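Biologist: I would like to learn how to read the packing of helices in a model such as this one. Could we go through it step by step, with the general idea before each case?

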Amino acid sequence: MSDHEQQPAPRRGQVLEALARAERKVFTRPAPKSANAQVKFLLTRAKGSTKALAERLGVSRRTVERYRARKLTTPQKRLAAALVEETESEWQPQVRAQARAQAATSRGMMVEVTAYFGFTCTGSSDDGRERQITTDISPTYVKQILELQEAGATEEDLHPIVAEAITESYFTEWGTRADGLRADFTSVSSISFRF
């Protein structure tokens with residue numbers, strides 16, 4: 001691989017990206033912004049291995065060395081995106097872990113979603129349609145969602161559990177109405193989470 005060849009940065013689905021954004025909001029200090037500072041930080045996390053970092057970023061080892069030596073300062077778009085994503089995924093692990101643990105045990109999370117919701121229920125006359133919903137998700141569902149995320153779940157793996165969590169809190173109001181209702185969502189326009 002030459003110095004300027006890059007592999008495309010991996011794209012996450014909307015639910016996975018929303019979880020990552022929620023984690024970034026709990027940071028107590030801003031993550032490094034410049035490419036050189038990001039490379040320096042990521043090298044400390046990779047125990048100084050330029051080879052490991054180069055593989056992780058999808059660039060050559062020489063490119064990583066040039067950023068470390070400040071011979072390069074402005075990355076191309078794909079590398080810039082990969083640097084931001086990798087830096088933020090490693091930044092303040094204790095702060096993120098604490099927020100995740102609180103959400104999964106006591107606080108839960110808030111979800112705001114715009115998507116097409118379809119329903120399954122005996123005697124239901126409510127046809128599926130696009131809805132914008134903001135609701136709390138119980139810690140039980142947050143724990144399941146975060147465990148799936150850590151296990152490397154895909155977007156398709158997460159949709160049913162998020163839909164079930166929204167059904168419980170929003171549509172059935174924690175089991176007080178619409179017994180047996182099941183909602184599925186597709187065509188997610190936007191989604192965000194708050195710890």
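Modeller: Let us begin with burial: a residue counts as buried when its relative accessible area is under 20%, computed with a 1.4 Å probe. Please keep in mind throughout that this is a predicted model.

Biologist: With that cut-off, which residues are buried in helix 3?

Modeller: In helix 3, which spans residues 50–57, the buried residues are Thr50, Leu53, Ala54 and Leu57. Looking down the axis of helix 3, one finds these buried residues within an arc of 100°, so they line one face of the helix.

Biologist: Which helices do the buried residues of helix 3 pack against?

Modeller: Their partners are helix 2 (35–45), helix 4 (61–68) and helix 5 (77–90). Just beyond the end of helix 3 comes Gly58, which takes a positive phi of about 75°.

Biologist: How should I read a pair of helices, and at what angle do the axes of helix 7 and helix 8 cross?

Modeller: One fits a line to each helix and takes the angle between the N-to-C directions, where values over 145 degrees count as roughly antiparallel. The axes of helix 7 and helix 8 (residues 155–171) cross at roughly 170° and come within 10 Å, which means that helix 7 is roughly antiparallel to helix 8. On the helix 7 side the contact is made by Tyr141, Gln144, Ile145, Leu148 and Gln149, while helix 8 contributes Asp157, Leu158, Ile161, Val162, Glu164, Ala165 and Glu168. Sorted by class, this contact of helix 7 with helix 8 has seven nonpolar, two polar and three charged residues.

Biologist: And which residues of helix 6 meet helix 7?

Modeller: The axes of helix 6 (residues 93–107) and helix 7 (residues 139–150) come within 7 Å, crossing at roughly 145°. From helix 6, Arg100, Ala103, Ala104, Thr105, Ser106 and Arg107 meet Pro139, Val142, Lys143, Leu146, Gln149 and Glu150 of helix 7. The residues of this contact of helix 6 with helix 7 divide into five nonpolar, three polar and four charged.

Biologist: Stepping back to the whole chain, how many helices and strands does the protein have?

Modeller: There are eight helices and three strands, and from the N terminus on they follow the order α-α-α-α-α-α-β-β-α-α-β. Of the 195 residues in the protein, 42% are buried, and the protein exposes about 11000 Å², of which carbon and sulfur atoms supply 48%. Among contacts with a separation of 6 or more, 68% join residues 24 or more positions apart.

Key
Residues are numbered from 1 along each chain as its sequence is written. This is a predicted model: local features need pLDDT of at least 70, side-chain atom pairs count only at pLDDT 80 or more; totals for chains, interfaces and linings use all residues. Side-chain values use heavy atoms; hydrogens and water are left out. Axes are lines fitted to C-alpha atoms, for helices over the stretch in contact, and angles run from 0 to 180 degrees between N-to-C directions. Helices (H or I, at least four residues) and strands (E, at least two) are DSSP runs, numbered from the N terminus. Contact means heavy atoms within 4.5 Å. Ala, Val, Leu, Ile, Met, Phe, Trp, Tyr, Cys and Pro count as nonpolar, Asp, Glu, Lys and Arg as charged, and the others, Gly among them, as polar. Angles under 35 degrees count as roughly parallel, over 145 as roughly antiparallel, 65 to 115 as roughly perpendicular and the rest as oblique. Buried means under 20% relative accessible area, exposed over 50%, partly exposed in between (1.4 Å probe, protein chains only). The arc is that of the directions from the helix axis to the C-beta atoms. Accessible areas come from the Shrake-Rupley method with a 1.4 Å probe; for residues, only the protein chains shown count as cover.
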